[in-house]
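Thank you all for coming; I would like to walk you through one structure, moving from its overall layout to its ligand site. Please have a look at it before I go on.

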Amino acid sequence: MTADYEFLTVDTVADYVRSVPRLAQRIDPDALVSVSEIGDGNLNLVFLLGDATGRGLVLKQALPYVRMTGEGWPMTPERARFEVDSLRAHHALLPEHVVEVFDYDPERFIIAMEDLSDHSVWRGALNEGLIHDGAAAAMGRYVGAVAFGTSALALERKELAKAVAAAVNPELCLITEDLVFSEPSVDAGRNSVIEQNKKDAADLAADEDFVTAMGRAKWLFMTKGEALIHGDLHTGSVMVRSPEGSTACDSVKAFDSEFAFYGPVAYDIGCLWANYVIAAARAFALGDEPRAEWALGMIQQTWDGFEEEFRARWSDRRDPRVWRGPFLEHLLADWNEESRLFAAAELARRTVGAAKTKDIETLPESIREGAARGVLLAARRFVRVPDAAGAPHDLAVLAADTLRESRTS
Ligand code: SR1
Ligand code: MG
């Protein structure tokens, strides 16, 4: 594929900043002391710039293909616009928990944003065995603020229609629809597991109840346009920071929302839940049961943060005449149930699909086997939990039991 725009390199970022006067106010392109490419995601280039006065800036550029696989898998760079629009909308609702965007270049698909180099990517921090207390609740609050603030509950009718139309993001949605909902059970040639997990993957694919549940999850994802969701809210899409020597977070920020669209609120919650289970699978595999329990405790913390934020905003709903108390309870009950379904999808796809997690993949094979088995089994059990018995805490207990029994050494 030939791209008709120029990709940034460490050697050209200074010229780029010089050419955009708005950015030259943020950082001095003639006094850069550090420039590095720090992108470790599946898709984009990310540059971190620092100048002699200590100011920093991040430039993120969307490539016209999937970075993880190379040019053979084209992907629209227009996704950067969805990221910018959603980050701006989300930042306006909860500035403390969303990265700030300074500028967007629609010709070269470059986003200039806040330097968060004093933060860590949450997944990396989790894999190092660090604790960032408060991050799970903060992300729950973020989802709650977005669920209310970008939905029909908050937006004026024409404003809502415009927001929904502007966020139609079919290319990126299709990736999720394929990778997350269909391919874990119907391999399209992109799945892989180690030899010892081949039977686990085959059992998943042969599990009729699981596949039926994934069909429902996919349908919900494609049809339930409730709010401008993040669309890929795993622990690699969150930056965390704690003061030296403390395990309490003093800053938590979501980023990387190129998959944003008007979709089901519970998708973001389910993604978070699944990635806590995956962090717990790693801890169990490494023999650190207290850490695994801590990781699973985040399921409830995210839910509580979400519910609290959503309830706090409820009094501002546009039509209290019909959106009364019982409807609020109905919404929350549905979202709890759907979050479980979406968590199951994320668990399965991160284990057998094309985009895996370092949590599991960096484990030695002997213990990776049990971790992957436990995650797949948890996915299959999550879809079988009866609705009435599905409190977030109970899900954590189910996950703990499943991961513990699947452990290998
Ligand atoms: C081809 S993109 C693979 C995955 O990377 C992104 O981070 C999303 O999670 C997507 O599903
Ligand atoms: Mg991403």
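The domain bounds I will use come from an automatic or database domain assignment. On that basis the protein is divided into domain 1 (13-113) and domain 2 (120-406), and 26 Å separate their centres, taken over C-alpha atoms. Across the boundary, 24 residues of domain 1 are in contact with 34 residues of domain 2, contact meaning heavy atoms within 4.5 Å.

I should say early that this is a predicted model, in which local features need pLDDT of at least 70 and side-chain atom pairs count only at pLDDT 80 or more, whereas totals for chains, interfaces and linings use all residues. Residues are numbered from 1 along each chain as its sequence is written, chains are lettered from A and ligands numbered from 1 in the order in which they are written, and side-chain values use heavy atoms, with hydrogens and water left out.

Which residues, then, are around ligand 1? They are Asn 42, Leu 43, Val 66, Trp 73, Leu 179, Asp 232, Phe 259, Arg 349, Arg 350 and Ala 355, each with a heavy atom within 4 Å of the ligand. This shell divides into six nonpolar, one polar and three charged residues, and at least three of its residues come from each of domain 1 and domain 2.

Turning to individual atoms, a polar side-chain atom of Asp 232 lies 2.8 Å from an oxygen atom of ligand 1.

Key: Polar contact = N/O pair within 3.5 Å; in protein donor to acceptor, adjacent residues only side chain to side chain. Nonpolar A, V, L, I, M, F, W, Y, C, P; charged D, E, K, R; others polar.
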